[in-house]
Amino acid sequence: ALNVLFGSRILPRAALRAAPGVARLLVASSPLVAAPAARAAAPAVFGGARAYGTRSVWNVRSGWAGIFFWFVLCTTVAGVMQEVVGPYVIFHE
């Protein structure tokens, strides 16, 4: 939501109308307002792909463990519960 407000300059324009002297200082020093202009001036790296840094979920051991837990282990347990335990153990006749 903040990117929409500051990126589209809705909030800075409203601030300029409300208090011209103070608003200019806030708008000029705000990194949220300066960031869209800096991104537009910066050249695209890797064909426009976003750089995610060195501590993303793919590069940290606990990240790999979390991905494995949620996408592999929990999915397998849910499938076994739905296809085997539910029909043959819980709702058997």
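This is a short tour of the model, one selection at a time.

**Whole chain.** Start with everything shown, and keep in mind that the model is predicted. Colour the protein chain by secondary structure and you get five helices and zero strands. Read from the N terminus, the order is α-α-α-α-α. Now switch on the surface: the accessible area comes to about 7,900 Å², and carbon and sulfur atoms account for 70% of that. Of the 93 residues in the protein chain, buried ones make up 11%.

**Colour by confidence.** Before zooming in, where should you trust the model most and least? Confidence is highest in helix 5, at a mean of 94, and lowest in helix 4 (residues 31–41), at 55. Across the protein chain the average pLDDT is 73, with 46% of the residues scoring at least 70. Where pLDDT is low, don't read the predicted coordinates in detail. The next stops take in helix 5.

**Select residues 61–90.** This is helix 5. Put a distance between its end C-alpha atoms and you should get 37 Å, whereas a straight helix of 30 residues would span 44 Å at 1.5 Å a residue. Now look along the helix for a bend: there is a kink of about 40°, centred on M81.

**Select Q82.** Stay in helix 5, where Q82 also sits. Is Q82 buried or exposed? Its relative accessibility is 57%, so Q82 counts as exposed. Show side chains here and you'll find Q82 in a polar contact with the side chain of E83, at 3.5 Å.

**Select the aromatic rings.** How many aromatic pairs does a search of the whole structure find? It turns up two. To describe such a pair, you need the distance of the ring centres and the angle of the planes.

- *W58 and W64.* The ring centres are 5.9 Å apart and the planes sit at 65°; edge-to-face means over 60°, so this pair qualifies. Click on W58 itself: with a relative accessible area of 45%, W58 is partly exposed.
- *F69 and W70.* Here the centres are 5.1 Å apart with the planes at 80°, so this pair is edge-to-face as well. Check the two partners on the surface: F69 is partly exposed at 37% relative accessibility, while W70, at 58%, counts as exposed.

**Last view.** Zoom back out to helix 5 and find the kink centred on M81 once more.

Notes:
Residues numbered from 1 in each chain as written. Heavy atoms only, no water. Phe/Tyr/Trp six-rings, centres within 6.5 Å; stacked < 30°, edge-to-face > 60°. Buried < 20%, exposed > 50% of the residue type's maximum accessible area, 1.4 Å probe, protein only. Helix = DSSP H or I, 4+ residues; strand = E, 2+ residues; numbered from the N terminus. Expected span 1.5 Å × (residues − 1). Bend = angle between axes of the 7 residues up to and from the residue. Areas by Shrake-Rupley, 256 points an atom, 1.4 Å probe, with all protein chains shown as cover. pLDDT = per-residue confidence, 0-100. Polar contact = N/O pair within 3.5 Å; in protein donor to acceptor, adjacent residues only side chain to side chain.
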